[in-house]
Amino acid sequence: AAGTQIDYWTCNSIPQSSSNPDEPEQQQQHSKEPSPPTSSYTRSSSSTVIRHLVHACYTLLLDIYIALLTALQYDAERWSSSCRPAAAVSSTAALADIALVLTVQLCSYLIKRQHQAMDLFLSSQQQQQNEGPGSSRQPSPPPASTTCAVMSDLEMEVQHRLERLRQTLRI
């Protein structure tokens, strides 16, 4: 309606009167910076945004791990396919093998910890939604099945590449 303004932080309408010059105080009060969001709707929206950002970052990290494991697999296959007799292995070659194995072990550890952190985050988000104020009034939206499917596929791909790399390196 004409003469009303909407406060988008709280979704409330603010009456606005421009015809009465005796009310400049009220107009100045409404022109101040909006207060930070406090409604359960806004908290729920913020939580949803955070959850989507975490999912996006997790997916990007899984993509990076796939690229890294692919490069390590290439190096491991190239290294193992080179025809070098066991007696002719130099100290440089042995150090390269050790460095490759250590890199794979480090990647494996980081992938495992990242997966644990993601599981912990998702379980804490689920607990907050179940215990939070207004949780009985507004059911939380289920996670998008395509997002879960993509993350699951990427996790399986990372685990497959990691296992293949371990087999190649015999670790």
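Read along the sequence, the protein chain follows the pattern β-β-α-α-α-α, and this description rests on a predicted model. In total, the chain holds 4 helices and 2 strands. Of its 171 residues, 19% are buried. The chain exposes about 12300 Å², with carbon and sulfur atoms supplying 59% of that area. Among contacts with a separation of 6 or more, 77% link residues 24 or more positions apart.

A look at the interior comes next. The largest nonpolar core contains 18 residues, and those with the most contacts inside it are Leu-69, Leu-72, Val-104, Ile-111, Val-158, Leu-165 and Leu-169. At least two residues of this core come from each of helix 2 (40–81), helix 3 and helix 4 (145–169). Helix 2 provides the largest share, 7 residues. Leu-165 offers a handy place to see the packing in the structure above: leaving aside residues up to four places away in sequence, Leu-165 touches Leu-69, Leu-72, Gln-73, Ala-76 and Val-104. Such a grouping has a familiar background, as nonpolar side chains in soluble globular proteins tend to be buried together.

The surface has a nonpolar feature of its own. Leu-95, Ile-98 and Leu-102 make a nonpolar patch of about 310 Å². Ile-98 belongs to helix 3, which spans residues 91–131. Ile-98 has a relative accessible area of 46% and is therefore partly exposed, because that class covers values between the 20% limit for buried residues and the 50% limit for exposed ones. Helix 3 thus appears in both parts of this account, supplying at least two residues to the largest nonpolar core and carrying Ile-98 of the surface patch.

Key
Residues numbered from 1 in each chain as written. Predicted model: local features only at pLDDT ≥ 70, side-chain atom pairs only at ≥ 80, totals over all residues. Heavy atoms only, no water. Patch = residues over 30% accessible without salt bridge, like charges linked within 9 Å, V, L, I, M, F, W, Y side chains within 5 Å. Areas by Shrake-Rupley, 256 points an atom, 1.4 Å probe, with all protein chains shown as cover. Salt bridge = Lys/Arg side-chain N within 4 Å of Asp/Glu carboxyl O. Buried < 20%, exposed > 50% of the residue type's maximum accessible area, 1.4 Å probe, protein only. Core = buried A, V, L, I, M, F, W, Y, C linked by side-chain atoms within 4.5 Å. Contact = heavy atoms within 4.5 Å.
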